[in-house]
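Here is a walk through a two-chain model, taken from one acidic residue outwards to the contact between the chains. Keep the structure open as you read.

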There are 2 protein chains.
Amino acid sequence: MTYCVAMRLNHSLIFMSDTRTNAGVDNFASTRKMFTFGVPGERSITIMTAGNLATTQALISLLRERTEAADDRDPGILNQPTMFQVARLVGSTLREVISYSTPEGQQSSDAFSASVIVGGQIKGGAPTVFLVYPEGNFIEISEDTPFFQIGETKYGKPILVRAFGPEMSTEDALKLLLVSFDSTVKSNLSVAPPFDVHVYDNDSFDQTSISRIEIDDPAYQAISSGWGQALKEALDGLPAYKI
Amino acid sequence: MTYCVAMRLNHSLIFMSDTRTNAGVDNFASTRKMFTFGVPGERSITIMTAGNLATTQALISLLRERTEAADDRDPGILNQPTMFQVARLVGSTLREVISYSTPEGQQSSDAFSASVIVGGQIKGGAPTVFLVYPEGNFIEISEDTPFFQIGETKYGKPILVRAFGPEMSTEDALKLLLVSFDSTVKSNLSVAPPFDVHVYDNDSFDQTSISRIEIDDPAYQAISSGWGQALKEALDGLPAYKI
């Protein structure tokens, strides 16, 4: 599996993804699931993928190839006028890849399925994030749904539901994300560090703040080990329940 | 779905289950998923079920009927000499119910599947808990695996992984369970209060401490609303992460 989260704060978009890929428990590896496309000063687009690795790699390769080949340039991700059109392009490309692998007549095949988060900003529009389904359709982030998760989403959801607020600072949001990721890592073998992070500041149209958090990163370790203790203290502070 | 947890503390076993049952989102109801069988002073057995409601109700009805009908009494749950034999009986009865519903030739059918937690103590043996799979086989609780979950297990697992210790007091364990249940309720529509609770004190061989926690229980409400605040404070106490 995989775990990716995108959230929209008042001042920025934050994307985080893990890097573990596996086919069964005896065949696992590390692979990047976060990809960026950009034109400095004009657009920044970040894509995160979950699901069948052959599907997601083909998707990214197609998107990339079509930005480079001159003849094919027109439907390229760098030429779309809005983030909505970018999401449509990603959706149609994803559907194209999945239908290529799916034997004809089989209506729904989980095997080649994938989900995609695509977010960013194009000059003239607001920063936004879309969650693209394997069928190619998609939903947009909103005030009521201020973050999207794909992959192994359940373990890390409760802390996001409770603690997320769009007014958070970038640092607090990163801390929250690391706790959510660490809770997932502790509960599920198919999600693991290092984590890729992209902090996109609104209206910056650049992609300078992309980094990778390694498992031995001291700040991550401090959050990971501190969280167990912090949780116990939080529990201690709650009123007792007597039967 | 469903959410049930059984944990073994040094001094007691604690069982908690939710009560929501649903077939789709437009057909839901409240149903008990915790059942007890006992002979005061001699044995206490608690069973919690998750999965197809027709299967789990048939399972409990068969187990109950066989303790009552004189002729059928021999394979009854009240006559088994050990908890291991109780788990075997539950497993074989569960398999019997599932195979009755499953069309012949179909090897694995999720539709009629169910999982069961069975725990308690029989005089002469130690208190213990088993997790019974739909196939009828089962695993036993251990020091390394000190709690079992069935149903919608993922949302509530991280807090259990972090905060559970076998030396906890009953009150602390109940608080922890309520937080785990509340995290699940907040994230998933198919799990909901009231919650059934059974605290079995080791070597008591009675079933006096069974109760139901309603949604408007003030102590539960205090834990539920206090937890969001406590989590935010716990997050605040962690070191910041700077990119």
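## Around A:Asp196

Start by clicking on A:Asp196. Leaving out residues up to four places away in sequence, A:Asp196 touches A:Phe15, A:Met16, A:Ser17, A:Thr19, A:Arg32, A:Lys33, A:Met34, A:Ser211 and A:Arg212. This is a predicted model, so treat every distance here as computed from it. A:Asp196 sits in strand S11 of chain A, and with a relative accessible area of 0% it counts as buried.

What links A:Asp196 to A:Arg32 and A:Arg212? The three are joined in a network of salt bridges. Side chains of opposite charge can pair when their charged atoms come close. For A:Arg212 and A:Asp196, the closest N and O atoms are 2.8 Å apart. A:Arg212 belongs to strand S12 of chain A and A:Asp196 to strand S11, so this pair ties together parts that are 16 residues apart in sequence. The side chains of A:Asp196 and A:Arg212 are also joined by a polar contact of 2.8 Å. Unlike buried A:Asp196, A:Arg212 is partly exposed, at 35% relative accessible area.

## The view from chain B

Now hop over to chain B, where B:Arg32 forms a salt bridge with B:Asp196, with 3.4 Å between the closest N and O atoms. How far apart in sequence are the parts that this pair ties together? B:Arg32 is in the loop between strand S4 (28-30) and strand S5 (34-39), while B:Asp196 is in strand S11 (residues 195-201), so the parts are 164 residues apart.

The accessibilities of this pair are worth a glance too. B:Asp196 is buried, with a relative accessible area of 1%, whereas B:Arg32 is partly exposed at 37%.

## How the two copies relate

Zoom out to both chains. A rotation of 180° with 0.0 Å of shift along its axis superposes chain A on chain B, with an RMSD of 0.0 Å. The two copies are thus related as by a two-fold rotation axis. To find that axis from chain A, look for A:Tyr155: its C-alpha is the nearest one in chain A, 2.4 Å from the axis. Both copies use the same surface, and 100% of the contact residues of chain A recur in chain B.

## The contact between chains

Each side brings plenty to look at: 45 residues from chain A and 45 residues from chain B take part in the contact. About 4,200 Å² is buried between the chains, and carbon and sulfur atoms give 67% of that area. A:Arg162, A:Leu235 and A:Tyr241 supply 22% of the area that chain A buries against chain B, more than any other three residues.

On the polar side, the rule finds 6 salt bridges across the interface of chain A and chain B, out of a count of 19 over all chains. There are also 16 residue pairs in polar contact across the interface, both residues being at pLDDT 80 or more. As for which elements of chain A take part, H3, helix H4 (170-187), strand S11 (195-201), strand S12 (210-213) and helix H5 (218-237) each supply at least two residues. H5(A) gives the most, with 14 residues.

## One bridge across the interface

For a single cross-chain example, pick B:Lys242 and A:Glu171, whose side chains meet in a salt bridge at 2.8 Å, N to O. B:Lys242 lies in the segment after helix H5 (218-237) of chain B and A:Glu171 in helix H4 of chain A, so the pair joins two chains. B:Lys242 is exposed at 61% relative accessible area, while A:Glu171 is partly exposed at 30%.

## A:Arg162 and the tryptophans

Back to A:Arg162, which lies in helix H3 (residues 157-163) of chain A. Is A:Arg162 buried or exposed? At 11% relative accessibility, A:Arg162 counts as buried. Beyond four places in sequence, A:Arg162 touches B:Asp182, B:Ser183, B:Lys186, B:Ser224, B:Trp227, B:Gly228, B:Leu231 and B:Lys232.

B:Trp227 deserves a click as well. The contacts of B:Trp227 beyond its sequence neighbours within four places include A:Arg162, A:Leu231, A:Ala234, A:Leu235 and A:Leu238 from chain A, plus B:Ile159, B:Val179 and B:Ser183 from chain B. In the largest nonpolar core, which has 66 residues, those with the most contacts inside it are A:Trp227, B:Met7 and B:Trp227.

How values were computed:
Residues numbered from 1 in each chain as written. Chains lettered and ligands numbered in written order. Predicted model: local features only at pLDDT ≥ 70, side-chain atom pairs only at ≥ 80, totals over all residues. Heavy atoms only, no water. Least-squares fit on C-alpha atoms with pLDDT ≥ 70 in both. Contact = heavy atoms within 4.5 Å. Helix = DSSP H or I, 4+ residues; strand = E, 2+ residues; numbered from the N terminus. Buried < 20%, exposed > 50% of the residue type's maximum accessible area, 1.4 Å probe, protein only. Core = buried A, V, L, I, M, F, W, Y, C linked by side-chain atoms within 4.5 Å. Buried area = accessible area lost by both parts, 1.4 Å probe. Salt bridge = Lys/Arg side-chain N within 4 Å of Asp/Glu carboxyl O. Polar contact = N/O pair within 3.5 Å; in protein donor to acceptor, adjacent residues only side chain to side chain.
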